[in-house]
Amino acid sequence: MSASTATAGEKPPHILVFPYPAQGHTLPLLDVTHQLACRNFTITIITTPKNLPTLSPLLSTHPQIQTLTLNFPSHHLLPAGVENVKELGNAGNFPIMVALSKLYDPIIQWFRSHSNPPVALISDSFLGWTMHLANDMQIPRFVFWCTGAFLASVLDHCWNHLETVKSLDVVDFVDLPRTPSFKAEHLPSVIQLYRDSDPDWRIVQEGMVANSLSYGYIFNSFDAVDSEYFGFLKRKMGHERVYGVGPLCLLGPDHSSRGNPDLNSIAHVFDWLNGCPDGSVLYVSFGSQKLMSKRQMEALASGLEKSMARFIWVVKTGTTQQMGNGYGVVPDGFEERVAGRGIVMRGWAPQAMLLSHRAIGGFLSHCGWNSVQEAIANGVLILAWPMEADQFVNERLLVDYLGVAVRVCMGADSVPDSEELGKVIGESMNGVVREQEKMRAKELKSKAIEGVKNGGKSLGDLDALVNEIMQIRRQKRLI
């Protein structure tokens, strides 16, 4: 039997998959689910009514995948009808994490009434309470990390030493490889926001601590990025069930236009790129959640103008009221002044497609993990401006450990000096100053691609995960 198929006549195992409703979490887990479906597993995905459309591309590719659609539970901090973090931004994670924990009983009821119940659960790291759920169902839980093992190691230390961590201005992670150190304001947002006095935060903490008790870890990362931390977690957990199956953007189905299938409206962007020299264009985007202030917009526009570099700037626009205050507003006259060497795109952009274009040579990014993986998969130099969530931890890995990124600014409210920003952009895109970083980025791309080929480490870890689940089902049959 190969690693990806069952023996003749052997019915494929049933797996329960529970994504967390935030784009950066859901999409990579759906890519893992796609791989499992390609290996003929029976799969049920837990979702809620408003999140169901996100599953549509996967369900149309794999009609055999079932869904368990449950009504989204209420929470006093959630506006009625909100079911996804994208509607609230990073601050929405806390109430959504707590609200989803109320699905415990409906899931148990479904499981106990099922004629072919799942033999394993794969659930997001933000759904740590499902560890107790899995115990109740008497099946193993694999925790899916949409991020890397470095972040998981930092978070595990923080959650297990909360009282100490919350009292420090600088936290030293002396037990971790490379003994990293972070300012308190650069720790993941979920740690900074934690309040011991709030019982709802206790639900979050208990869930996060429970992640380390899971049967196995699945990471959207790969050996060349995270080998030290994969090894650290294996030693800490006392077993080898730590799977680095990324970058999942190289393993999933082609979803380069996912989110907006109409590419005709932006055909002019690709026409323009086709006329640009290789590696000469900077792609600028800060993800789907960050809305930049008036001062930030002005400083960034000025920096791009001074850099004399070619660029594509994806601008997130706000509400009418926010735009009235200058949020997400491109300064008057900017587009006219940079016409021919710069393009402003408002709203959605096919990021994966753009980053894969030969003309894109740099990415000014907030260092969200999915953006990081897409940049790595395309060998693109990252100009790092971390703002919140896991981004400062990711930035440390990229700049100081991997050497594939350049630090340009730090903080959600920081306003860069436009002269300095323009200089860094100009040197990175037009000069030879950043050649070492560019070379390392291309080398990392090669390692990422090798990892997902037959015989590669990421594909090997995916096959090992498949074999583990097959073995779990066989053992259940013997009980």
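**Two sheets, two domains and a pocket between them**

Let me begin with one small detail, which is that I382 stands opposite A405, a residue of strand β15. Please keep in mind throughout that what we are looking at is a predicted model.

That pair of residues belongs to a wider pairing, since strand β14, which covers residues 381-384, runs alongside β15 in the parallel sense, and 3 bridges join them. Stepping back, these two strands sit in an open sheet of 6 strands, and if you read across it the order is β12-β11-β10-β13-β14-β15, with parallel pairing. At the edges you will find β12, residues 342-346, and β15, residues 405-407, and each of these pairs on one side only. From neighbour to neighbour the strands of this sheet are turned against each other by 20° on average, if direction is ignored.

Across this sheet lies helix α11, residues 267-274, which lies over β10 (281-285), β11 (310-315), β12 and β13 (360-365), and which runs at about 160° to β11. While we are at β11, I would also point to M308, which is placed in the loop between α12 (294-307) and β11. What is the phi of M308? It is positive, at about 65°, although M308 is not a glycine. As background, most residues other than glycine have a negative phi, and most peptide bonds are trans.

The second half of that remark brings me to another local feature, because the peptide bond from G246 to P247 is cis, with omega near -5°. P247 itself is found in the loop between β9 and α11.

Strand β9 takes us to the other sheet I want to show, which is an open sheet of 7 strands in the order β3-β2-β1-β4-β5-β8-β9, again with parallel pairing. Its edge strands are β3, residues 66-69, and β9, residues 242-244, each of which pairs on one side only. The twist from one strand to the next averages 20°. Helix α4, residues 104-113, packs on this sheet and touches β1 (14-18), β2 (42-47) and β3, with its direction making about 170° with that of β1.

Within this sheet, strand β4 (residues 120-124) and strand β5 (residues 141-145) pair in the parallel sense over 4 bridges, and here D124 stands opposite F144 in β5. Helix α5, residues 130-137, lies across β1, β4 and β5, and runs at about 170° to β4.

Now for the overall division of the chain, which is split into domain 1, covering 14-245, and domain 2, covering 263-448. The centres of the two domains, taken over C-alpha atoms, are separated by 28 Å. In the contact, domain 1 takes part with 28 residues and domain 2 with 18 residues.

Finally, where does the second largest pocket lie with respect to domain 1 and domain 2? Both domain 1 (14-245) and domain 2 (263-448) give residues to its lining, and therefore the pocket lies between them. Its volume is about 380 Å³. The lining is made up of 22 residues, and those that lie nearest the centre of the pocket are Q289, K290, L291, K316 and Q322. If we sort the lining of this pocket by class, we find 5 nonpolar, 10 polar and 7 charged residues.

How values were computed: Residues numbered from 1 in each chain as written. Predicted model: local features only at pLDDT ≥ 70, side-chain atom pairs only at ≥ 80, totals over all residues. Heavy atoms only, no water. 1 Å grid on protein atoms, 1.4 Å probe; cavity = no way out; pocket = protein on both sides within 12 Å on 5 of 7 lines; lining within 4 Å. Points joined across faces, edges and corners; volume = space filled by probe spheres on them. Nonpolar A, V, L, I, M, F, W, Y, C, P; charged D, E, K, R; others polar. Domains from an automatic or database assignment. Pairing = 2+ DSSP bridges. Axes fitted to C-alpha atoms, helices over the stretch in contact; angles between N-to-C directions. Contact = heavy atoms within 4.5 Å.
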